[in-house]
Amino acid sequence: MANKTYNDLLCETSELIGEATQVDEALFESGVAERSTLQPLLLELRVRYTILLSRLDAVYDQILQPQKRLIVKRLLESCLGRLIEIKHDLVELHLSDFTFDDDEALKKLQVTPYEAEPCIPQYFVRERKEEIKSRRGFIEETLRKLGHEPEKQKPLVLTEQQAVLIIQSHERARQGRLRGQFMKEIRLLKEKGRDQKGEMTPAAATSIQKVWRGFIARRETKRRKRAEQLLIGMDLPTYMESMEIKKAEEVKDFRRQLQVQREKEYQEALEKIEEQLRIQNGVKINEQIGDELRRWIREYYDRTGRFPEFPSEDAGGSRTMYSRQGTGVDSDLSKSSPVSSKESKRSKESKDKKNSKAEESKNKDEVDDLQMYKCRSSAFLQEITNANEEFEDIWKFKDDADNPHERYYKDMIEREKMVKIEHEIRNVVDEMMRSELELLQAAFDKDRAHKGKKSKKPQKKVRRGGKKSKKKKEKDLTPDRTTESLFEELVMNGIIKPYPIVKIDDYLGEKCYVGGEWRNEGKEATPCLGDIRQLIKEYCILPLGSEQVRSQTPLVRSVLLTGPAGSGKKFLLKAICSEVGGTLFDLTPANIVGKYPGKSGLIMLIHLVMKVSRLLQPSVIWMDEAEKPFVKKIPKTDKTDPKRLKKDLVKIIKGICPEDRVLFIGTSRTPWDAEQKLLFQCYQKVIQIPRADYGSISLMWKTKLHRAGALSPRLEVSCLSRISDSYTIGTLLSVLDEVLTTKRRLQLRVRALTAQEIAVQLSFREPVYVEHDALAEAWMFKTPLERRKQKALQRLQELQQEAEAAAK
């Protein structure tokens with residue numbers, strides 16, 4: 001696609017941003033509102049920012065102009081941050097982690113539920129491609145030196161009898177082919193020697209025509225039926241990569257290479273133009289600023305009879321001097337008068353009245369707190385508005401006819417660099433003027449014989465904001481070691497592990513389409529696998545991918561993934577690492593057994609993990625069997641010492657700051673075995689993977705069988721989905737791999753796959769029993785967020801009953 005395509009898409013997106021910010025600002029202007037009123041507005045805003053995220057990601061991925069890409073990235077990150085803020089508001093509003101789509105919002109904005117799911121910005125990995133590649137290469141090279149070769153396909157080992165049987169079958173097949181060829185040659189020789197004087201009868205010709213025309217008609221009917229089913233989406237086309245898709249990807253890759261060239265040219269131009277401007281204008285600007293300051297100081301002295309106080313660099317320097325006209329009168333704004341006794345008495349009386357009124361209206365306020373809600377302030381909304389206005393002022397109506405190749409604009413660089421140069425030179429001149437003023441003040445005091453008076457010292461930097469942080473700086477136990485040596489040590493000890501590259505969208509599953517409607521009716525729907533995928537994006541991937549978004553959105557330090565074996569916990573972990581290009585640290589009890597022994601060794605292990613995870617961020621610290629450190633009684637057969645990290649886990653997780661793109665993830669099959677209080681102290685968010693629903697299983701079967709070329713009209717996918725109901729997705733995929741062997745794939749054209757073949761293999765697998773689901777459901781009701789929800793609903797119901805009783 002041409003440059004015009006993406007420029008037009010960006011202009012359309014700018015208009016959509018304007019509409020979204022108007023709705024968003026109106027939401028904040030309303031202040032405290034009823035939860036039922038805020039819910040549809042927030043759900044609509046979530047969909048709006050999801051659409052904006054997808055559009056801006058497509059533009060940023062393909063647009064070439066380097067200066068325009070800067071403002072597009074500002075918009076992209078700001079919309080991403082605002083989307084996460086809205087997600088957390090919805091969680092507090094519903095007291096539930098799952099955000100179900102609102103049907104009215106989808107209909108109004110004309111998007112599908114799949115389009116309403118946030119996409120992962122491509123720049124998370126693409127802009128760090130070389131860094132990620134070198135890091136993976138270093139891990140593989142280190143493991144290769146240690147003798148850890150990548151897993152190879154195991155050779156087929158046969159007994160002597162099996163080998164003889166295979167050789168015999170191949171030899172008999174060879175002899176059969178030779179005999180068949182020999183018999184064919186004999187038959188052809190006989191036909192050549194036969195007397196061919198007979199003629200075909202009309203009845204024979206009619207019979208042949210009848211059979212042939214019937215075959216032609218059936219084939220045409222079948223073809224037309226197939227085309228109609230493809231048109232209306234009832235059938236899937238053959239799975240093969242289209243040449244058009246390949247060509248489009250090649251064009252995109254070519255534009256990405258052009259992006260790198262344009263960015264390189266832009267960075268070189270920044271340095272070159274700045275150097276030229278310093279040579280041309282540096283001395284002139286220096287003299288001009290110096291002359292202005294000296295003239296202003298002289299005028300100030302003539303007017304007041306004394307020299308001005310020169311502000312410090314932190315206070316704004318000489319720029320603030322022009323806004324303060326010297327009058328010789330000290331400012332009284334900083335002086336505060338004491339409160340009179342009458343005013344204090346009045347304040348005490350008013351406080352007493354307020355306390356009495358507060359006691360009377362306590363129940364009413366409690367009802368209002370449960371029914372009303374106020375959205376938390378946004379750190380991104382103003383930035384979205386400013387960046388969009390800047391785009392409209394500079395770029396929206398800019399004529400790019402003179403720049404068809406989307407290169408940088410020199411005049412814009414010159415304006416930016418002139419501001420920077422002037423600021424730097426002004427700081428230098430300010431320092432020089434401070435020295436001159438000190439000398440002048442000293443001479444003035446000497447002439448006036450004011451020896452006791454001294455020039456006032458420059459203003460100290462005033463600390464603004466909250467109290468000083470009481471957090472002590474951690475002692476660095478490895479100050480003399482490089483990042484590479486620490487990285488290599490953790491790789492050699494198996495703490496840092498490689499992982500396969502997988503995509504989060506490969507975690508197949510449908511979303512819950514009735515969740516929004518049920519929630520409006522006061523019921524809570526069971527989430528589906530598609531909702532789990534969306535939750536992983538919102539809590540784990542999107543905040544970790546951007547430093548700005550991570551530091552300014554509500555902080556999620558740790559996540560606990562629970563579910564039966566084969567539900568996809570490790571797949572989701574690998575997808576998180578892959579989508580952000582992160583480093584994976586494995587603190588599973590079985591993995592650290594025998595490593596860094598003793599108390600000092602444990603302290604060193606924690607120090608190394610925390611230090612290297614910050615240096616190589618984004619990072620994911622993983623603990624499998626997360627319930628084991630908190631189990632009351634450890635079996636005697638368990639030699640992994642799982643309680644080794646029990647006391648330090650909270651310390652590790654609480655040590656993660658908003659500036660750290662580090663996430664702690666635990667995975668567990670039986671979290672109810674642990675002490676719940678300690679478990680929930682460690683894990684801030686709990687995501688339970690539910691049993692795969694019919695829609696998700698059906699989607700998985702259709703997708704996987706279609707890619708394998710095994711999907712046919714004879715295969716009843718609906719029936720297969722029903723009998724697969726009690727199995728996890730991982731179990732179903734392993735069964736499919738066992739059924740579709742290489743030999744069976746070759747036979748698909750002759751003998752279509754049937755549901756019976758898969759059902760036979762499923763019968764040998766262990767399903768997820770109802771007892772496990774009951775334990776998981778009972779445990780989920782004990783999570784902190786669920787307890788808050790149940791408590792709020794119960795209290796609201798009690799207050800409503802009291803109000804009804806009082807009304808009677």
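Strands E5 (583-586) and E6 (residues 619-624) run parallel and are joined by 4 bridges. Two strands count as paired if DSSP finds at least two bridges between them; strands themselves (E, at least two residues) and helices (H or I, at least four) are DSSP runs, numbered from the N terminus. The model is predicted, so local features need pLDDT of at least 70 and side-chain atom pairs count only at pLDDT 80 or more, while totals for chains, interfaces and linings use all residues. Residues are numbered from 1 along each chain as its sequence is written, and side-chain values use heavy atoms, with hydrogens and water left out.

## The sheet

E5 and E6 belong to an open sheet of 6 strands with mixed pairing, in the order E3-E5-E6-E7-E4-E8. Strand E3 (496-497) and strand E8 (685-688) are at the edges with a single partner strand each, so one side of each has no neighbour in the sheet. Strand E6 is also joined to strand E7 (residues 662-668), in parallel, by 6 bridges. A further 5 bridges connect strand E4 (residues 558-562) with E7, again running parallel. In general, the strands of a sheet pair through backbone hydrogen bonds, either parallel or antiparallel.

The table lists residues that stand opposite each other in paired strands.

| Residue | Opposite residue | Strand named for the pair |
|---|---|---|
| Leucine 584 | Valine 620 | Valine 620 in E6 |
| Serine 619 | Valine 662 | Valine 662 in E7 |
| Valine 620 | Leucine 663 | Leucine 663 in E7 |
| Isoleucine 621 | Phenylalanine 664 | Phenylalanine 664 in E7 |
| Serine 558 | Phenylalanine 664 | Phenylalanine 664 in E7 |

Valine 620 thus has leucine 584 as a bridge partner and leucine 663 opposite in E7. Phenylalanine 664 is the partner of isoleucine 621 and also stands opposite serine 558.

Helix H20 (residues 598-615) packs on the sheet and touches E3, E5, E6 and E7. The direction of H20 makes about 140 degrees with that of E6, where axes are lines fitted to C-alpha atoms, for helices over the stretch in contact, and angles run from 0 to 180 degrees between N-to-C directions.

## Burial of E6 and E7

Buried means under 20% relative accessible area, exposed means over 50%, and partly exposed lies in between (1.4 Å probe, protein chains only). In E6, 6 of the 6 residues are buried, so the strand is largely enclosed by the rest of the structure. Ser619, Ile621 and Met623 point one way from E6, and Val620, Trp622 and Asp624 point the other way. E7 is mostly covered, with 7 of its 7 residues buried. One side of E7 carries Val662, Phe664, Gly666 and Ser668, the other Leu663, Ile665 and Thr667, and both faces are covered.

## Nonpolar cores

A nonpolar core is a set of buried Ala, Val, Leu, Ile, Met, Phe, Trp, Tyr and Cys residues joined through side-chain atoms within 4.5 Å. The largest one has 102 residues, and those with the most contacts inside it are Tyr49, Ile536, Trp701, Leu753 and Ile758. Helix H3 (residues 66-94) gives the most to this core, with 12 residues. Apart from it lies another core of 39 residues, among them Leu143, Ile496, Phe630 and Phe664.

Contact means heavy atoms within 4.5 Å. Leaving aside neighbours within four places in sequence, tryptophan 701 contacts His706, Val717, Leu720, Ser721, Ser724, Leu732, Leu736 and Ile758.

## Lysine 68 and the aromatic residues

Lysine 68 is located in helix H3 and counts as buried because its relative accessibility is 3%. Residues up to four places away in sequence not counted, lysine 68 touches Asn7, Leu10, Ile63, Trp395 and Asp400.

The whole structure holds 9 aromatic pairs. Rings of Phe, Tyr and Trp (its six-membered ring) pair if their centres lie within 6.5 Å; planes under 30 degrees apart are stacked, over 60 edge-to-face and the rest tilted. Tryptophan 395 and tyrosine 409 form a tilted pair, at 5.9 Å centre to centre with 55 degrees between the planes. Both tryptophan 395 and tyrosine 409 are buried. Ring pairs also link Tyr60, Tyr123 and Phe124 into a cluster.

A charge sits over a ring if NZ of Lys or CZ of Arg is within 6 Å of the ring centre and within 35 degrees of the ring normal. The charged end of arginine 69 sits over the ring of tyrosine 60, 4.2 Å from its centre. Lysine 523 lies over the face of tryptophan 518, at 4.9 Å from the ring centre.

## The chain as a whole

The chain has 29 helices and 8 strands. Of its 808 residues, 40% are buried. Among contacts with a separation of 6 or more, 82% are between residues 24 or more positions apart.
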